Amino acid sequence: MSNPLQILVTGATGRTGSLVVQKLQALPKQFSVKCFGRSPQKATEIFGSTENFYFGSILETQALETAIVGCDALVILTSATPQMKAPSQTGQRPEFAFPDGEMPEQIDYQGQLNQINAAKKAGVQHIVLIGSMGGTDENHFLNTLGNGNILIWKRKAEQYLVDSGIDYTIVRAGGLLNEKGGKRELVVSKNDVLLKNTPDGITTGIPRADVAEVVVQALLEPNARNKAFDVVTKPESQATVTNNFSALFAQTQPGL
Ligand code: NAP
């Protein structure tokens, strides 16, 4: 029997990253998991210990290079996160800002490039990158938050990954939901077609747990290699629950 695949998950204390870690840890014959995070306290709160954790910022090349040694695959689940500022007057719309040093250009572009470069140096064979739908529309409202142009920077990093020569799977999720996974039919597409013209019977959302399952399956299924795709769901009530991920990935296309 072959050895388990050694995986590094970054953003491991994030809302989707932590679900990916738990799913990978539940399959010890297939996967051995290392986690990259920046808060030992948060890691302990979520996982009960900091075992298998490497701590640092994705802006620190050395920290990434140390964590990634010996890995077969990298799962990138880091992201800049806009913080809501309290409105100065009642009735005003809330404003958003990114913490100092954590603008999307730094986190979603430079931070992702740092991870891809560290992976290349370490001979990693496959990178699964979680991105976001909406990146073909520079006027998307998410780009206005904190003047961050977050979707534009994410998309530039995706192009860098496609051009890196490492096998890639780019999963561009629709709006993330904190709901149970494994209850919906997943629908894949590309380049925001489903946002521009959403067919009846399809939502533009997807539970984080379903995204985490897509990541796990992408690490296992050859059909997911060198593909980039959008993924949303049908509502739970209309579900023919997706369980054939090889068939799902066969519907996806290579290139950005
Ligand atoms: P999340 O909970 O916001 O997690 C982001 C992670 O990035 C956190 O673990 C954070 O660390 C980590 N991080 C940020 N800066 C870092 C740094 N300098 N060094 C190391 N780690 C750093 O993510 P999510 O909501 O699950 O989203 C997962 C992905 O899906 C993101 O790329 C997101 O943009 C994308 N997406 C989101 C939506 C949505 O509806 N929200 C829709 C589509 C796609 P800490 O845990 O220490 O904070």
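Start by selecting Lys156 and Trp153: in this predicted model, the charged end of Lys156 sits over the Trp153 ring, 5.3 Å from the ring's centre. Show both side chains as sticks and look down onto the ring to see the arrangement.

Next, bring up the aromatic side chains. How many aromatic pairs are there? The count comes to 5. One of them is Phe47 with Phe53, so select those two. Their rings lie 5.6 Å apart, centre to centre, with 50° between the planes, and the pair is tilted. Now switch on a surface and compare the partners. Phe47 is partly exposed, with a relative accessible area of 22%, whereas Phe53 comes out at 11% and is buried. The cut-off for buried is under 20%, so Phe53 qualifies, while Phe47, at 22%, counts as partly exposed.

Keep that pair on screen and add Phe55. Ring pairs link Phe47, Phe53 and Phe55 into a cluster.

For the last stop, select Phe229 and Phe249. Stacked or tilted? This pair is tilted, because the planes stand at 50°, with the ring centres 5.9 Å apart. Colour by secondary structure and follow the chain from each ring: Phe229 belongs to strand 12 (residues 227-233), and Phe249 to helix 9 (residues 245-250). The pair therefore ties together parts that are 20 residues apart in sequence.

Before you leave, put the surface back on and check whether these two rings are buried or exposed. Phe229 is buried, at a relative accessible area of 1%, and Phe249 is buried as well, at 0%.

Definitions and conventions
Residues numbered from 1 in each chain as written. Predicted model: local features only at pLDDT ≥ 70, side-chain atom pairs only at ≥ 80, totals over all residues. Heavy atoms only, no water. Phe/Tyr/Trp six-rings, centres within 6.5 Å; stacked < 30°, edge-to-face > 60°. Buried < 20%, exposed > 50% of the residue type's maximum accessible area, 1.4 Å probe, protein only. Helix = DSSP H or I, 4+ residues; strand = E, 2+ residues; numbered from the N terminus. Lys NZ or Arg CZ within 6 Å of the ring centre and 35° of its normal.
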